[in-house]
Amino acid sequence: MQMLLALTQQLLLIPAFLQFWSSDMLAAWLALFAAGNVVIVADGGLQLRSINRFLAFKSCVDCDGRTANFYARMMRIYLRIVVVLGALLIVGTELFPPAAVLGFRGLPTFDTAMLAITVGTLLALPANLVSGLYRVHGKYGRAVWSQNVALALGQVGQLVAVAWFGSLLAVAIAYVSTQILFALFLIAYDAPRQLPFLRRGRDRSTASLSWRWRSGQFGLGFPFFIANLTELALANVPMLLVSAMVTDRVAVAQWGLVRVISSFLRGLCILITLPIGAELGHDHAIGDKVRLRRLYAKGSLLVTAMASLIVAGLLPFWPDFFALWTHGSIPNDATLAITLLLGSAVVAPSLMAFVFANHSNRGDLLVRTKGLQLIAFLILSALLIPRLGPLGAAIAIVASDLLTQFGILTLVIMRQTLAHPLRYMLVLIAIMVTIMLGGSGLGLAIRAVVPGTGMLHFLVECTIWLVVVSVAASSLLIGRVRLRVLAAVPT
């Protein structure tokens, strides 16, 4: 359901917006959406730091008491982050109007909408602490379902806002208001009832927190902060950089739309890896190397196959999809789309390594790798975007991913985890190439055989492709075949 709602937000709402907005307005909304996602970096790595502490408390005598005390203290830190950064955002918006910085001077409500979406996202930040606690105590599904309800209501609100008011500010308020309500529900209502022992930490929370303790939490969360800062930067900052450096607003909208698809694919892969990463972290903590190797090999294979299959289906049908998606109002840039989509598939194995590193306390490795990746991305963006426009941003993203997250982090994790990392890497590459070549070739053959244009033609093409792929993969439904395939994967 979370994946479906993300798909709705990033794909299905775009055509609805284009019914009421021009390409300039759509580009402005994509920039606002990216800015709201960047604000999540204000977490500072505290959520993953807290998850590791909550896991450590499970081996203590007074597990619930120590968890409640730590939770109360961390919540106070989160609330201070909201107050301080909220004030800075308000002052920064007054001093440096976002409309002037990002090239949207002709939109009168852009600055107010930017303030609403960034401050609103910041107000919902403390819910991260509850989500982390739920993940440790086997209640993560409640947090996800609550978020799903908020996302669904927010999307309905966005449709009403764009149809009724047509302004960026109204859509931004509809988007963030449900997030704030979701955070209040988790913090004030749901968490104290699901985990009653949290009330034990309230009495101690009135004690003052020393600067040394607070700075220590940020210091221990710094590796996770750098890692997630880079992930958020790669997903959202390019939209802001292209908006600021490229004068052609149609090219900005073009970039934003293609980036939506690649970001969705990356987010989908991350969602798949999260539950696997938690299990890997548990196996790493107890030293079960046999199960760890087997689970890592299967998890990385699953993510790689899934990403390759999606890209194999997107590439041949992309021109038809893009024309229908944008009602033909925005031209398609084939080179840009191919670069981002292929890059998303190639780096899929690195996402499993990244999530595992987060759940196994590899702080030094994360700082080195993700710090280098962020630096490489910024340098390449500064060099390539002024010369190549959006294509330069795409090359900067893919190159920084391949050079650092794949070339350093993934190789190190595989070498430390698997007994035969080189053999396993060759198997992954072979599977990736086979799926993408086979799926893309099948799609091109279907496009050549099936005549016509329009929505019906596109749906027929996709249906034929899905049927053929399903038949080809149906043998995996047989238990013996599936076990033989998994047994052949080197660990």
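The exercises below, each with a worked solution, concern a predicted model of a protein.

**Exercise 1. Overall form**

Determine which secondary structure elements the protein has, and what its radius of gyration says about its form.

Solution.
Step 1. The protein contains 20 helices and 0 strands.
Step 2. For a chain of 491 residues, a compact globule would be expected to have a radius of gyration near 23 Å. The protein has 23 Å, so the value agrees with that of a compact globule.
Step 3. Along the principal axes, the C-alpha atoms fill a box of roughly 70 × 60 × 40 Å.
Step 4. Of the 491 residues, 52% are buried.
Step 5. Among contacts with a separation of 6 or more, 82% join residues that lie 24 or more positions apart.

**Exercise 2. Helices α2 and α6**

Find how α2 and α6 are oriented to each other, and which residues meet between them.

Solution.
Step 1. Helix α2 covers residues 23–38 and helix α6 covers residues 110–123; they pack at an angle of about 30°, and their axes are 8 Å apart.
Step 2. Angles under 35 degrees count as roughly parallel, and α2 and α6 are therefore roughly parallel to each other.
Step 3. Their crossing is right-handed.
Step 4. On the side of α2, the residues are A28, W29, L32, F33, A35 and G36; they meet F110, A113, M114, I117, T118 and T121 of α6.
Step 5. Sorted by class, this contact of α2 with α6 has 9 nonpolar residues, 3 polar residues and no charged ones.

**Exercise 3. Helices α8 and α9**

Establish the orientation of α8 to α9 and the classes of the residues in their contact.

Solution.
Step 1. Helix α8 (residues 140–164) packs with helix α9 (residues 168–194) at an angle of about 155°, the axes being 8 Å apart.
Step 2. An angle over 145 degrees counts as roughly antiparallel, so α8 is roughly antiparallel to α9.
Step 3. The crossing of α8 and α9 is right-handed.
Step 4. Residues of α8 in the contact include R142, S146, L153 and G157, while those of α9 include Y175, F182, F185 and D190.
Step 5. The contact of α8 with α9 comprises 12 nonpolar, 7 polar and 2 charged residues.

**Exercise 4. Helices α13 and α14**

Describe how α13 and α14 pack, and name the residues that make the contact.

Solution.
Step 1. Helix α13 spans residues 289–325 and helix α14 spans residues 334–346; the angle between them is about 165°, and their axes lie 9 Å apart.
Step 2. The cut-off for roughly antiparallel is an angle over 145 degrees, and α13 and α14 are therefore roughly antiparallel to each other.
Step 3. The crossing of α13 and α14 is left-handed.
Step 4. From α13 the contact takes A307, S308, V311, L314, L315 and W318, and from α14 it takes A337, I338, L341, L342 and A345.
Step 5. By class, the contact of α13 with α14 has 10 nonpolar residues, 1 polar residue and no charged residues.

**Exercise 5. Two residues in helices**

Decide whether L340 and I395 are buried or partly exposed, and list what each touches beyond its sequence neighbours.

Solution.
Step 1. L340 lies in helix α14. Its relative accessibility is 2%, and buried means under 20%, so L340 counts as buried.
Step 2. Not counting residues up to four places away in sequence, L340 touches W255, V258, R259, S262 and A394.
Step 3. I395 belongs to helix α17, residues 390–417. With a relative accessible area of 32%, I395 is partly exposed.
Step 4. With neighbours within four places in sequence left aside, I395 is in contact with T339, L384 and L388.
Step 5. The C-alpha atoms of I395 and A307 are separated by 19 Å, these residues being 88 residues apart along the chain.

**Exercise 6. A glycine and an isoleucine**

Work out whether G45 and I77 are buried or exposed.

Solution.
Step 1. G45 has a relative accessible area of 6%, and is therefore buried.
Step 2. Beyond neighbours within four places in sequence, G45 is in contact with G221, F224 and F225.
Step 3. The C-alpha atoms of G45 and S300 are 24 Å from each other, with their positions 255 residues apart along the chain.
Step 4. I77 is placed in helix α4, residues 63–95. Its relative accessible area is 3%, so I77 is buried.
Step 5. I77 and T178 are 101 residues apart along the chain, and their C-alpha atoms are separated by 23 Å.

Key:
Residues are numbered from 1 along each chain as its sequence is written. This is a predicted model: local features need pLDDT of at least 70, side-chain atom pairs count only at pLDDT 80 or more; totals for chains, interfaces and linings use all residues. Side-chain values use heavy atoms; hydrogens and water are left out. Axes are lines fitted to C-alpha atoms, for helices over the stretch in contact, and angles run from 0 to 180 degrees between N-to-C directions. Helices (H or I, at least four residues) and strands (E, at least two) are DSSP runs, numbered from the N terminus. Angles under 35 degrees count as roughly parallel, over 145 as roughly antiparallel, 65 to 115 as roughly perpendicular and the rest as oblique. A crossing is left-handed if the near helix is turned anticlockwise from the far one by less than a right angle, and right-handed if clockwise. Contact means heavy atoms within 4.5 Å. Ala, Val, Leu, Ile, Met, Phe, Trp, Tyr, Cys and Pro count as nonpolar, Asp, Glu, Lys and Arg as charged, and the others, Gly among them, as polar. The radius of gyration is taken over C-alpha atoms; the globule rule is 2.2 Å times the number of residues to the power 0.38. Buried means under 20% relative accessible area, exposed over 50%, partly exposed in between (1.4 Å probe, protein chains only).
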